[in-house]
Amino acid sequence: MKLENLKPAKGATHNSKRVGRGQGSGKGGTATRGTKGAQSRTGYSHKIGFEGGQMPLQRRLPKFGFKNPTRVEYQAVNVAALQALAEAGINKIDIETLIAAGLAHKGDLVKVLGNGEISAAVEVSANGFSKSAVEKIEAAGGKTTVIE
C-alpha cells in the first residue's frame, strides 16, 4: 500500500449535483428549484414564521395569560436547610451566608419557608418568613429579623 494508491471506501463519496449547466445535464432551466415564485429566485429570504401567505400560527392562536409587572419573586429556603447550616457551626444566618452556602444567588430576595425541622437556636435575617417558619425557629430558641 502506497499513498498514491489510497482512495475512499466504496460508497463513501458522492458526486456533487451540478445545476444550471444547460438542458443536456437534466438539471438546466430551473436548476431543480421548481417554477416561478419567490423561492425560485436568487436572494430569497422570508420573515420568521412566514407561511407563504397562509395565516401564520402565531396569528391563528388567541392571546392568553397575564404577566404581573409588579410581581416580587423570592428565592425559597426551607428551615431544614437552616438546620444543616447550624450543624455546620453557623449560628448567625443572613443572605450573604446563604449565598456562600449556594442556597441563593446575589441579588435574590430570600424567603424562609417552614418545610422540615430545626432544633438549633439560630439568628436568621431574610427578606421574608412564612408563619410556620417563624414558629419553628422561635420554638427552637432562635430569632427572626425581616430585612426591608
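## Two residues with positive phi

At 18% relative accessibility, Ala-31 counts as buried, because the cut-off for a buried residue is a relative accessible area under 20%. In this predicted model, Ala-31 belongs to the segment before helix 1, the helix that covers residues 57-60. Although Ala-31 is not a glycine, its phi is positive, at about 55 degrees.

Lys-36 also lies in the segment before helix 1, and its phi, near 50 degrees, is likewise a positive value in a residue other than glycine. The surroundings of Lys-36 can be described by its relative accessible area of 69%, with which the residue is exposed. Such backbone angles deserve a remark because most residues other than glycine have a negative phi.

## Overall form of the chain

The chain contains 4 helices and 6 strands, and read from the N terminus these elements follow one another as α-β-α-β-α-β-β-β-α-β. The radius of gyration of the chain is 34 Å, whereas the globule rule gives 15 Å for 148 residues, so the chain is more spread out than a compact globule. The C-alpha trace spans about 95 × 60 × 20 Å along its principal axes.

Of the 148 residues, 20% count as buried, and the chain exposes about 11900 Å², of which carbon and sulfur atoms supply 52%. Among the contacts with a separation of 6 or more, 38% are made by residues that stand 24 or more positions apart. The chain carries 22 positive and 12 negative charges, and the mean positions of these two groups are 31 Å apart.

## The sheet of strands 1, 3 and 5

One open sheet is built from 3 strands in the order 1-3-5, with parallel pairing. Its edge strands are strand 1, residues 74-78, and strand 5, residues 128-129, each of which pairs on one side only. Strand 3, which covers residues 109-113, is joined to strand 5 by 2 bridges, and these two strands run parallel; here Lys-111 stands opposite Gly-128 of strand 5. Strand 1 and strand 3 also run parallel and are joined by 5 bridges, with Asn-78 standing opposite Leu-113 of strand 3.

Which residues make up the covered face of strand 3, and which the uncovered one? Val-110 and Val-112 form the covered face, while Leu-109, Lys-111 and Leu-113 form the uncovered one. In a regular strand the side chains alternate between the two faces of the sheet. Two residues of the uncovered face thus return from the pairing described above: Lys-111 is the residue opposite Gly-128, and Leu-113 is the residue opposite Asn-78.

## The sheet of strands 2, 4 and 6

A further open sheet of 3 strands has the order 2-4-6, again with parallel pairing. Strand 2, residues 92-93, and strand 6, residues 143-146, are its edge strands, and each of them pairs on one side only. Strand 2 is joined by 2 bridges to strand 4, residues 123-126, and the two run parallel; within this pairing, the bridge partner of Lys-92 is Glu-123 in strand 4.

## Distances across the model

His-105 is found in the loop between helix 3, residues 95-100, and strand 3, and at 57% relative accessibility His-105 counts as exposed, because the cut-off for an exposed residue is a value over 50%. From His-105 to Arg-33 the C-alpha to C-alpha distance is 54 Å, for a pair that is 72 residues apart in sequence.

Ser-132 has its place in helix 4, which covers residues 131-139, and at 33% relative accessibility this serine counts as partly exposed. How far apart in space are Ser-132 and Met-1? Their C-alpha atoms are 80 Å apart, and 131 residues separate the two in sequence.

Note on methods
Residues are numbered from 1 along each chain as its sequence is written. This is a predicted model: local features need pLDDT of at least 70, side-chain atom pairs count only at pLDDT 80 or more; totals for chains, interfaces and linings use all residues. Side-chain values use heavy atoms; hydrogens and water are left out. Buried means under 20% relative accessible area, exposed over 50%, partly exposed in between (1.4 Å probe, protein chains only). The radius of gyration is taken over C-alpha atoms; the globule rule is 2.2 Å times the number of residues to the power 0.38. Contact means heavy atoms within 4.5 Å. Accessible areas come from the Shrake-Rupley method with a 1.4 Å probe; for residues, only the protein chains shown count as cover. Lys and Arg count as positive and Asp and Glu as negative; His and the chain ends are not counted. The place of a charge is taken as NZ of Lys, CZ of Arg, CG of Asp or CD of Glu. Two strands pair if DSSP finds at least two bridges between them.
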